[in-house]
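Me: I've got a protein in front of me and I'd like to work through it bit by bit. Can you take my questions as they come?

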Amino acid sequence: MLKSILTTFFTLLAAAGLIVAQTGIIKGRLFNAANNEAIPFASLAIQSTTIGIQSDAEGNYEFTNLPPGIYTIIITNIGFKDKIINELQVSNNKPTMIDFGLEEAAVSIEKVVIKASAFRKTEESPVSLRTIGVAEIQRAPGGNRDLSRAVQSLPGVTTVSSNRNDLVIRGGSPNENRFYLDDIEVPNINHFATQGASGGPVGLINVDFVREVDFFSGAFPANRGNTMSSVFNFKFKDGRDDRIGATVTLGTNDLGATIEGPLSKKATFLASARRSNLGGLFKLIGLPFLPIYNDFQFKTKIKFDTKNELTVIGLGALDDFSLNKEANKTEAQRYILSYLPVLTQWNYTLGAVYKHYYKNGYITAVASRNMLNNESVKYQDNDETDATKLNLKYKSQEIENKIRLESTQRFKNGIKLNYGAAFEYVKYNNYTYQKFGPKSIEYTSDLDFTKTAFFGQISQTFFGDKLTASAGLRGDANSYTHEMSNPLPQLSPRLSLAYALNSTVSLNFNTGIYYQTPAYTILGYRQNNEFVNRNTDTKYIRSSHAVAGLEFNLKNNAKITVEGYYKNYENYPIAFLQSGDTLSLANLGADYTVVGNSPAKSIGKGRTYGIELLYQQRLFKGFYGILAYTYGRSEFTNLAGDYIVSSWDSQHIISAVASKKFDNNWEIGIK
């Protein structure tokens, strides 16, 4: 089987004509970010070199004869803000293709000098936003090309285990994070996902698809809802447009293949598939469990003309967690076999994004569907032939169908306006049988309801671009209960301010209120043919944020930031467990169980607060580094209303990453 797979893809490599060359290419198109119109005769230069070119009359550009390596590009043009594109990876087997959108300058060039920064900051999110390039993900020591592991070096980020990707952002639960792929929401980006949360042990996204990632740990834009701790915006690359190309990778964990190329003069595609080889490895070394994961993903982009484009994205996984019954020689092996269930899980997301550009803006229409199927079975003594020994049988499905329509406009006076609405149809199914000694529970759940949202955000610069202000409002509602169908209690205002004290130092601030729907496992829990938590006054979880910070942009692509944050939680579900104990669900989400499959009440409160210090050096003259320190506290109430330190109360977090590039594309890193 392995031999046939390798033969097939090496044949594709030969058919694609991938001749190893000595140099690489960076090419693409420059366009106005507001309306997609070409920007002709702009200047592009590669940092720390004498290499410079101009875009042509159609906005196209091309750097040629580049030795393989990592390059940073500086783009300048009169009437537009300068832009720095960090760490583009150039190889000698295919061109690096990337289009750049430039923002128009709000004031005339005589009044202000607009300087480019190596670090991205938006009007909506002047604090708590980090942009991560694909080269940073790939170089992260011990990261295994996994984004979730790469961000663990940033301030305010921690995890509870070295073998899982559950992200704890500023003291919040792992289920408070949200992920988007080119504007399409994806519920989870990990294999063996924890239902009701967002983590897992292995990343799902193929990093070869990724161009860059915007990571928000606060100051969320109004068009990103249902989150209280973080938002990840993954921006995928387009497929190459010159010819078909393929790549095969064989690692210690898995075997994967990627193929890309043109479908027509106006369309390109990317597609990949991967299968783990951990099952055979774990069996060989005598472990009592055998995890096997498979995933696929694809992207197709059609540029009908300069004003209309369509992107279609698919992402999916099939995971099996079986038992190696032969590994029962030691007491530890027998103990693991006694409690681990057999797990089967699959999920997928399929979505389309249509963009239409007009004179001073663009309209974005997004439609998507995602589904999770999660099954677990456990027999006493793992004897599946005896039905009386069944201790656990669980099957649950979560299905979401989503539509979002939004408009983004930029005006000559510097105003940026974004507004829109969203609709979801949700379906949740669950069959649960679980035995606790002489007692057992058994129920079937079949739930469906709708979600609606509206949002708007306006941004403006003042005093010659020294002050940037952004105000937004969002409203969410759903049909689960009559109270939750009213959007007024879930109105989410937010305000961001950024003031440039001088050319290198800025003072940044954000405050806002954010709401999140409780997990479907909570909403769909049933007893005596009733949705128990529908009758306990279940509410949206609420979190109020305040963040302030100083940013020092240094020379040579480096910066220092200091940020303080405070988050106040209300309406957090407190679960009433089968054991008779109670527990705030804010403490769960970092293991292989199901979170929220029990009666619960929206009566919990919480607070997290801290200060973050960051020194970050983008790649410059071969050096790269991050040094971060966070002091943070995380506390949530118990049933009596007393604040108790949560599972995520790390207090002190120190992380450091450093790397050095050498000749011939060698690099050494340490974490």
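Me: In what order do the strands sit in the open sheet of four strands?
Reply: This is a predicted model, so everything here is read from computed coordinates. In general, strands of a sheet pair through backbone hydrogen bonds, either parallel or antiparallel. In this sheet the pairing is antiparallel, and the order is β3-β2-β5-β6.

Me: Which strands stand at the edges there, each with a single partner strand?
Reply: Look for strands with one side left without a neighbour in the sheet. Having a single partner strand is what leaves that side free, so the edges are β3 (52–54) and β6 (83–90).

Me: By how many degrees are neighbouring strands of this sheet turned against each other on average?
Reply: Direction is ignored for this one, so to speak of antiparallel strands is no obstacle. The average turn between neighbours in the sheet is 25 degrees.

Me: What is the bridge partner of Ile-73 in β6?
Reply: Strand β5 covers residues 69–76 and runs antiparallel to β6, with six bridges joining the two. Follow Ile-73 across to β6 and you land on Ile-85.

Me: On to the other sheet, the open one of five strands: what is its order?
Reply: This sheet has mixed pairing. One of its pairs is β9 with β16, which run antiparallel and are joined by five bridges. At the edges stand β9 (129–133) and β13 (184–186), each with a single partner strand, so each has one side without a neighbour in the sheet. Put together, the order reads β9-β16-β17-β12-β13.

Me: Which residue in β16 does Ile-132 stand opposite?
Reply: The pair to check is β9 and β16, joined by five bridges. Across from Ile-132, in β16, you find Val-213.

Me: Where is Ala-219, the residue with phi near 50 degrees?
Reply: Most residues other than glycine have a negative phi, and most peptide bonds are trans. Ala-219 has a positive phi, and Phe-41 has one too, near 60 degrees. Phe-41 sits in the loop between β1 (24–32) and β2 (43–46). For Ala-219, the place is the loop between β16 (210–216) and β17 (230–236).

Me: Now the empty space: what is the volume of the largest cavity?
Reply: Rolling a probe the size of a water molecule over the atoms shows where empty space is left. Here that gives eight cavities of 30 Å³ or more. The largest has a volume of about 820 Å³.

Me: Which strand gives the most to the lining of that largest cavity?
Reply: There are 46 lining residues, and those closest to the centre are Arg-178, Glu-185, Asn-226, Glu-400 and Lys-402. By class, the lining has 21 nonpolar, 15 polar and 10 charged residues. With six residues in the lining, the top contributor is strand β24 (residues 361–379).

Me: How many nonpolar residues line the second largest cavity?
Reply: This cavity holds about 130 Å³ of space. It has 14 lining residues, and Glu-136, Ala-140, Ala-150, Tyr-624 and Ile-626 are the closest to its centre. Two lining residues are polar and four are charged, while the nonpolar ones number eight.

Me: Over which residues does pLDDT stay under 50, with 23 contacts beyond four places in sequence?
Reply: The chain averages a pLDDT of 90, and 95% of the residues score at least 70. Where pLDDT is low, the predicted coordinates should not be read in detail. One such stretch is 108–114, with six contacts beyond four places in sequence. The stretch with 23 of them is residues 1–21.

Technical notes: Residues are numbered from 1 along each chain as its sequence is written. This is a predicted model: local features need pLDDT of at least 70, side-chain atom pairs count only at pLDDT 80 or more; totals for chains, interfaces and linings use all residues. Side-chain values use heavy atoms; hydrogens and water are left out. On a 1 Å grid over the protein atoms alone, a cavity is a set of points where a 1.4 Å probe fits but cannot get out, and a pocket is an open set with protein on both sides within 12 Å along at least five of seven lines; lining residues have an atom within 4 Å of a point. Grid points are joined across faces, edges and corners, and a volume is the space filled by probe spheres set on the points. Ala, Val, Leu, Ile, Met, Phe, Trp, Tyr, Cys and Pro count as nonpolar, Asp, Glu, Lys and Arg as charged, and the others, Gly among them, as polar. pLDDT is the predictor's confidence in each residue, from 0 to 100. Contact means heavy atoms within 4.5 Å. Two strands pair if DSSP finds at least two bridges between them. Axes are lines fitted to C-alpha atoms, for helices over the stretch in contact, and angles run from 0 to 180 degrees between N-to-C directions.
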